[in-house]
Amino acid sequence: MRNAFVKFSGKTVVITGASSGIGRQAAMDFARQGARSIVLVSRSEPKLSQLAGEIAHASPSCTAIPYACDVSDKSQVLKMGRDILDRLGSVDVLVNNAGFGIFKNVRDMSVEEIESITATNYHGMIYCTKAFLDSMLARNSGHIVNVASVAASFGVAGLAAYCGSKFAMLGFSESLYHELCGTGVKITVVSPIAVKTNFFNHESFSGRTPNYTGFALKPEAVSKAILAAANSPRLEIIVPFYVRGAVWFKQTLPYLVQPIVGAISRQKL
Ligand SMILES: NC(=O)c1ccc[n+]([C@@H]2O[C@H](COP(=O)([O-])OP(=O)(O)OC[C@H]3O[C@@H](n4cnc5c(N)ncnc54)[C@H](OP(=O)(O)O)[C@@H]3O)[C@@H](O)[C@H]2O)c1
């Protein structure tokens with residue numbers, strides 16, 4: 001903990017999806033561990049203001065700045081980037097965490113629902129990355145943490161648009177990881193299994209939460225991985241770590257693993 005405090009002391013952090021769940025917990029934890037300024041981004045200004053108040057109370061040396069922004073809207077994100085850089089000068093850590101899922105067969109999902117998931121989870125991450133990347137490169141310093149999911153490695157029935165957005169996030173991040181080599185700017189993906197948050201409150205999950213959520217993590221575990229990621233040279237941190245074995249197994253023996261994943265994930269559809 002002491003080491004982490006030194007690492008984030010005086011740092012400026014931007015977190016998208018900060019009003020709830022994983023992002024909210026990460027904001028509290030960055031503040032506790034020495035961050036000087038944290039920009040809290042989501043669409044719900046009242047929730048962000050309430051969180052900023054809680055951070056001010058718990059970590060008085062940290063300035064928490066609520067910033068209402070829909071990350072799926074390119075012009076809003078680019079304006080946010082300019083506003084934040086004008087006000088704070090630079091950003092040390094960008095956590096692209098905003099995201100949601102809809103649990104439906106592709107057949108029953110509208111094109112607009114699929115577009116909306118892609119626009120938030122994938123395009124939103126790209127807009128935010130573009131908003132801050134140049135300034136990080138100019139300083140040869142900065143870390144982008146992208147919150148994906150094990151759904152970036154496993155396609156499951158009922159979450160095609162969501163899995164597609166997370167596979168895309170991982171692919172984009174892997175390419176950017178190679179491009180950033182030697183620049184001083186880093187990117188790390190955090191890929192958790194299911195987490196107990198409002199994610200599953202979307203009406204499409206009602207009464208049929210997928211089976212694999214039985215093993216759901218607490219947001220604290222993912223937040224811990226996000227803070228570790230912000231100081232890590234690695235491309236991807238899977239939470240919990242041993243699930244990397246399942247990813248390896250699926251990629252190595254897909255014809256054995258895919259029928260099992262398919263059978264489990266179809267059960268609640
Ligand atoms: N929960 C899980 O099982 C799980 C597992 C693996 C990965 N993840 C990923 O973890 C991330 C955080 O999810 P969570 O579990 O913490 O869910 P959550 O509690 O529902 O939080 C989602 C956050 O994203 C924000 N958000 C959604 N759409 C947005 C938009 N268009 N613009 C800006 N902010 C937006 C929401 O804020 P507003 O509504 O205020 O805008 C909220 O703060 C997501 O990317 C999710 O895919 C979750």
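A residue counts as buried if 20 or more other C-beta atoms lie within 10 Å of its own, with C-beta atoms placed from the backbone. Keep that cut-off handy for the exercises below, and remember that this is a predicted model.

**Exercise 1.** Work out which residues of S6 lie on each side of the strand, and whether they are buried or exposed.

*Solution.* Start with the general pattern: in a regular strand, side chains alternate between the two faces of the sheet. Now split S6 that way. One side carries Val 185, Ile 187, Val 189 and Ser 191, the other Lys 186, Thr 188, Val 190 and Pro 192, and all of them are buried. That fits the tally for the strand, residues 185-192: eight of its eight residues are buried.

**Exercise 2.** Find the strands that pair with S6 and trace how the chain gets there from S5.

*Solution.* Take S5 (residues 142-147) to begin with: it runs parallel to S6 and is joined to it by six bridges. Within that pairing, Ile 144 has Ile 187 as its bridge partner. Going from S5 to S6, the chain passes through helix H6 (residues 160-179), a right-handed β-α-β crossover. Next comes S7 (residues 236-239), also parallel to S6, with four bridges. There, Pro 192 sits opposite Val 239.

**Exercise 3.** Describe the shell around the ligand by residue and by class.

*Solution.* The shell has 29 residues, and Gly 17, Gly 21, Arg 43, Ser 44 and Gly 99 come nearest. Helices H2 (21-32) and H5 (111-139) each give two or more residues, with H2 giving the most, three. Sorted by class, you get 16 polar, 10 nonpolar and three charged residues.

How values were computed:
Residues are numbered from 1 along each chain as its sequence is written. This is a predicted model: local features need pLDDT of at least 70, side-chain atom pairs count only at pLDDT 80 or more; totals for chains, interfaces and linings use all residues. A residue is near a molecule or strand if its C-beta atom, placed from the backbone, lies within 6 Å of it. Ala, Val, Leu, Ile, Met, Phe, Trp, Tyr, Cys and Pro count as nonpolar, Asp, Glu, Lys and Arg as charged, and the others, Gly among them, as polar. A residue is buried if 20 or more other C-beta atoms lie within 10 Å of its own, exposed if 12 or fewer, and partly exposed in between; C-beta atoms are placed from the backbone. Two strands pair if DSSP finds at least two bridges between them. A crossover is right-handed if, with the strands pointing away from the viewer, the path from the first strand over the helix to the second runs clockwise.
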